[in-house]
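Student: I am new to this structure. Please pick a single part of it and take me through that part closely.

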Amino acid sequence: MDSVLQLLDELEEILDSSRAVPFSNKVSVDKEEIYDIISEIRMKLPNELKQSKWVIEERNKILIDAQREADELMKNAEDRMVRMIDDNEVTKKAYEQAAAIIDAAKKTSKEMRLGAMEYAEGVLADAENKLKELKTVVYTESIKTDDYFAQTLNVLAENIQELRLGK
């Protein structure tokens with residue numbers, strides 16, 4: 001995302017440092033240079049979107065790992081419970097311990113799942129906000145560029161008209 005923002009800063013710097021057109025608030029820019037930067041922005045945006053996709057995939061992997069770990073904890077608790085069933089008092093304790101282990105496993109699984117979901121949601125929300133900002137900046141800059149070119153063309157048309165009238 002930073003590289004796209006840097007390119008937008010470069011566009012702004014070009015506009016700020018360009019020569020002023022006399023008797024107007026317009027500036028003269030190298031059209032090819034502006035188009036090159038816009039092309040670079042278009043090429044870099046898909047990479048930013050790929051990063052967002054990667055974050056989603058990582059979130060899914062974390063959730064799958066958390067579920068796998070919870071399942072393993074559950075299986076271990078069940079195995080332990082089966083081993084402890086050999087006499088009445090031991091069986092009672094085993095049931096109590098198994099229940100505590102299962103509760104702990106469920107709690108751990110839930111905490112891990114919630115943590116992973118919160119992290120992924122935060123990263124995705126951040127990516128969404130940055131893309132919205134970028135969209136606004138690109139849209140605003142393209143309107144400014146379009147207005148600039150339209151104004152420049154009008155000035156040129158006026159100058160041509162003055163030259164023709166002066167003949």
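Tutor: What follows looks at one loop residue, Ser18, and then at the nonpolar core. The model is predicted, so local features need pLDDT of at least 70 and side-chain atom pairs count only at pLDDT 80 or more, while totals for chains, interfaces and linings use all residues. Residues are numbered from 1 along each chain as its sequence is written, and side-chain values use heavy atoms, leaving out hydrogens and water.

Ser18 sits in the loop between helix 1 (2–17) and strand 1 (19–20); helices (H or I, at least four residues) and strands (E, at least two) are DSSP runs, numbered from the N terminus. Its relative accessible area is 16%, so Ser18 is buried (under 20%; exposed is over 50%, partly exposed in between, with a 1.4 Å probe and protein chains only).

A polar atom of the Ser18 side chain lies 2.4 Å from the backbone oxygen of Ile14. The side chain of Ser18 also reaches the backbone oxygen of Ser28, at 3.5 Å. Leaving aside residues up to four places away in sequence, Ser18 touches Val27, Ser28 and Val29, where contact means heavy atoms within 4.5 Å.

Ile14, Val27 and Val29 are among the 12 residues of the largest nonpolar core, a set of buried Ala, Val, Leu, Ile, Met, Phe, Trp, Tyr and Cys residues joined through side-chain atoms within 4.5 Å. Helix 1, helix 2 (31–83) and helix 3 (88–166) each supply at least two residues of this core. Helix 1 gives the largest share, 5 residues. In soluble globular proteins, nonpolar side chains tend to be buried together.

Note on methods. A polar contact is a pair of N or O atoms within 3.5 Å; within protein, one must be able to donate a hydrogen and the other to accept it, and residues adjacent in sequence count only if both atoms are side-chain atoms.
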